[in-house]
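Subject: Structure handover

Hello,

Here is the structure for your files. My notes on the sheet and the cores follow below it.

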Amino acid sequence: MTAAVEMLGVPYSWGGGGADGPSFGKGRGALTFGFDCSGLAQYAWAQAGVRIGRTAREQGKKGWRVPEGQVRPGDLVFYDSDPASPGPEHVGIAVDGERIVHAPSTGGYVTFAPLIRRGYMGAVRPAETAPATSVVATG
């Protein structure tokens with residue numbers, strides 16, 4: 001989505017950002033003005049007029065489940081980045097069938113990354129009227 005790509009280079013801020021754009025985060029992100037992964041996703045979809053949840057887990061529960069080979073620009077792509085806690089803990093926004101734009105982690109900046117990578121769980125196409133679905137690990 002264009003809105004997310006326009007945020008390339010914005011700092012990662014844990015708990016930062018949301019529908020209105022970048023903000024100071026919480027805890028370890030309190031001194032950094034930027035986005036965390038789900039804040040960036042919420043911002044991008046708000047610019048398209050669709051409200052989605054604030055956390056990756058909330059975002060992964062609503063929308064249309066998208067098969068791996070059918071991911072298109074704007075779809076939310078989810079990753080399990082913490083084996084000790086069932087995911088998803090991370091979300092990116094598909095740019096095309098091979099890349100996402102995301103806010104990666106503390107010390108990082110909004111950037112591009114490969115869509116299929118370690119911890120990949122699946123993708124969801126948000127829609128306020130879509131049936132509740134869950135992102136399920138694909139193997």
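The model has an open sheet of 6 strands in the order 3-8-4-5-6-7, with antiparallel pairing. Strands are DSSP runs of E of at least two residues, helices runs of H or I of at least four, both numbered from the N terminus; two strands pair if DSSP finds at least two bridges between them. Strand 3 (64–66) and strand 7 (111–114) each have a single partner strand and stand at the edges, so one side of each lacks a neighbour in the sheet. From one strand to the next the twist averages 40 degrees.

This is a predicted model: local features need pLDDT of at least 70 and side-chain atom pairs count only at pLDDT 80 or more, while totals for chains, interfaces and linings use all residues. Residues are numbered from 1 along each chain as its sequence is written, and side-chain values use heavy atoms, without hydrogens and water.

Strand 4 and strand 8 are joined by 4 bridges in the antiparallel sense, and Leu76 stands opposite Val124 in strand 8.

The largest nonpolar core (buried Ala, Val, Leu, Ile, Met, Phe, Trp, Tyr and Cys joined through side-chain atoms within 4.5 Å; buried means under 20% relative accessible area, 1.4 Å probe, protein chains only) has 25 residues. Among those with the most contacts inside it are Phe35, Leu76 and Val91. Helix 2 (37–47) is one of the elements giving two or more residues to this core, and its share, 6 residues, is the largest. A second, separate core of 10 residues includes Val66, Val77, Ala113 and Ala123.

Regards

Terms used. Buried means under 20% relative accessible area, exposed over 50%, partly exposed in between (1.4 Å probe, protein chains only). Axes are lines fitted to C-alpha atoms, for helices over the stretch in contact, and angles run from 0 to 180 degrees between N-to-C directions.
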